[in-house]
Amino acid sequence: MSAFRPSRPVRARRLALPAFVLLALAVTGCAADAAPETTLPLPSPVTENAAFADWLTAFRADALKAGIAGETFDRSLAGVRIDRDVIEANESQPEFTKPVWEYLEGALSDTRVAKGKALLAENEALLGRIEERYGVDRHVLVAIWGLESNYGSFQGTMSVVRSLATLGFEGRRTEYGRTQLIAALQIIQHGDIAPASMTGSWAGAMGQTQFIPTTYNVHAVDFDGDGRRDIWNSHADALASAAHYLSRSGWKTGATWGYEVKLPQGFDYASADMSVSKTVGEWSAARIARIDGRPFPQGEADEKASIFLPAGHRGPAFLVMGNFRTVLAYNASTSYSLAVNLLADRFRGRGEIAGTWPRGDRPLGRQERHDLQRLLTENGYDTGGVDGIIGYNTRKAIRAFQQDAELPADGYPTPGLLEKLRRR
């Protein structure tokens, strides 16, 4: 249903609009040169299109103030229209989230590993130059390339300008949409790509490395020397841009991302959290050991690290370090960083997980996630709101409940945990 459905009859009137708005209205089916006045209600799509045209007119003024030339704006947004698929994707939540072990099975598939190894060999010289310039491990770069766009084979086919205009106009991310649309127009104005060729995801992530426009403007580089930063068509530009981003985000050359570890009996699971950081030496003194039995390298004793339990206390455990966090700057999902780093290890002939996953667990459904947050809040454990998203605040609340209930405080949501709350 349109957010702009009128509650009473409205009168159509003639509007003096810029050319790009006239074309947009024509494409979306809203006549800019209106028929004679009528008291009949306008159909909802027409009303929405008129409101979108008004938004474009106001946004054009903001874009000009931000340094976007009128010609760039009009050329880029000619014929633009609302994309209902973008609005639906923006507002929807999945009924179920994929368990981490299923996500990793797809991310670390034999096909993806084999393709990555082949591309490492094929692009050896290029990757060597990128490593020399930015200090970022080539295996990690190729792993990101593989996960973001399947090595460039699927970059998204949606118009970035249209998606961002839609997000800026309607929904819960209007500020994001406006900011990213200005950045996208800056890219076009710079001459890196034509509007019609600027394609990506529904949220505006673009190219082989899936940069959003603001990230592109800060970190994209012209590594192949053709005068354009082209993360869509140039492997060199895409991979070097990702390396530049990781380098600026704190990548430590030559350092590992972490290890799979074995936790001792009586381990305090409340300390298994990304917010708890100790040196590798301190964790070792607390009887945290590598799963393969080998000692931690002496040179890493003073490195800060955290215990990460992607599936709670019954699943594998990892000691993760600075480069794991640097990949989180690229994508804030811990599952994503684990997948990137394990895929990079698979390219080297290692990266197999020794621990077992709690495959009997099923993920909570959307309503169950809401119920979990509501019940935690009602019992005095602040989740920061009831939105169905199991983020940091909800996990913190789960830990507090688990501690009070004398359960392993791993912050991991399960149907059993929800049932305990319901019984309360």
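1. Let's start with what surrounds helix H12. In this predicted model, the cover over the buried residues of H12 includes helix H7 (124-134), helix H8 (138-149), helix H11 (213-219) and helix H14 (322-330). H12 itself runs over residues 235-248. Because 11 of its 14 residues are buried, H12 is largely enclosed by the rest of the structure. If you would like to find them on screen, the buried residues are Ala236, Asp237, Ala238, Leu239, Ala240, Ser241, Ala242, Ala243, His244, Tyr245 and Leu246.

2. The geometry of H12 is worth a quick look too. From its first C-alpha to its last, the helix reaches 20 Å, close to the 20 Å expected at 1.5 Å a residue. Just after H12 comes Gly250, with a positive phi of about 110°.

3. Ala238 is a handy residue for looking at H12 from the inside. Ala238 lies in H12 and has a relative accessible area of 0%, so it is buried. Leaving out residues up to four places away in sequence, Ala238 touches Gln208, Thr209, Asp230 and Ile231. Phe223 can be added to this picture: it is 15 residues from Ala238 in sequence, and their C-alpha atoms are 8.5 Å apart in space.

4. H14, one of the helices in the cover of H12, also packs against helix H15 (residues 334-347). The two axes are 9 Å apart, at an angle of about 120°, and H14 and H15 are therefore oblique to each other. The crossing of H14 past H15 is right-handed. On the H14 side the contact uses Phe324, Val327, Leu328 and Tyr330, and these meet Thr334, Tyr336, Ser337, Leu338, Val340 and Asn341 in H15. Sorted by class, that contact has seven nonpolar, three polar and no charged residues.

5. A second helix pair to check is H4 (residues 84-91) with H9 (residues 160-169). Here the packing angle is about 60° and the axes are 9 Å apart; the two helices are therefore oblique to each other. H4 passes H9 in a right-handed crossing. Val86, Ile87 and Asn90 of H4 make the contact with Ser163, Thr166 and Leu167 of H9. By class, this contact has three nonpolar, three polar and no charged residues.

6. Which residues does Gln180 touch, not counting residues up to four places away in sequence? They are Leu164, Ile212, Pro213 and Thr214. Gln180 has its place in helix H10 (residues 174-190). With 4% relative accessibility, under the 20% cut-off, Gln180 counts as buried.

7. Is Gly388 buried or exposed? Gly388 is in the loop between helix H16 (366-378) and helix H17 (392-404), and at 4% relative accessibility it counts as buried. Apart from neighbours within four places in sequence, Gly388 is in contact with Gln93, Arg369, His370 and Gln373. Its C-alpha is 8.0 Å from that of Glu368, a residue 20 positions away along the chain.

8. Two backbone spots deserve a friendly flag. Most residues other than glycine have a negative phi. Arg287, however, has a positive phi near 70°. Arg287 is found in the loop between helix H13 (280-285) and strand S5 (289-290), and with 55% relative accessibility it counts as exposed. Glu406 also has a positive phi, near 60°. The place of Glu406 is in the loop between H17 and helix H18 (415-423), where its relative accessible area of 72% makes it exposed.

9. Finally, some whole-chain numbers to keep at hand. The secondary structure comes to 18 helices and seven strands. The chain has 424 residues, of which 50% count as buried. Among contacts with a separation of 6 or more, 68% are accounted for by residues 24 or more positions apart.

How values were computed:
Residues are numbered from 1 along each chain as its sequence is written. This is a predicted model: local features need pLDDT of at least 70, side-chain atom pairs count only at pLDDT 80 or more; totals for chains, interfaces and linings use all residues. Side-chain values use heavy atoms; hydrogens and water are left out. Axes are lines fitted to C-alpha atoms, for helices over the stretch in contact, and angles run from 0 to 180 degrees between N-to-C directions. Helices (H or I, at least four residues) and strands (E, at least two) are DSSP runs, numbered from the N terminus. Angles under 35 degrees count as roughly parallel, over 145 as roughly antiparallel, 65 to 115 as roughly perpendicular and the rest as oblique. A crossing is left-handed if the near helix is turned anticlockwise from the far one by less than a right angle, and right-handed if clockwise. Contact means heavy atoms within 4.5 Å. Ala, Val, Leu, Ile, Met, Phe, Trp, Tyr, Cys and Pro count as nonpolar, Asp, Glu, Lys and Arg as charged, and the others, Gly among them, as polar. The expected span of a helix is 1.5 Å times one less than its number of residues. Buried means under 20% relative accessible area, exposed over 50%, partly exposed in between (1.4 Å probe, protein chains only).
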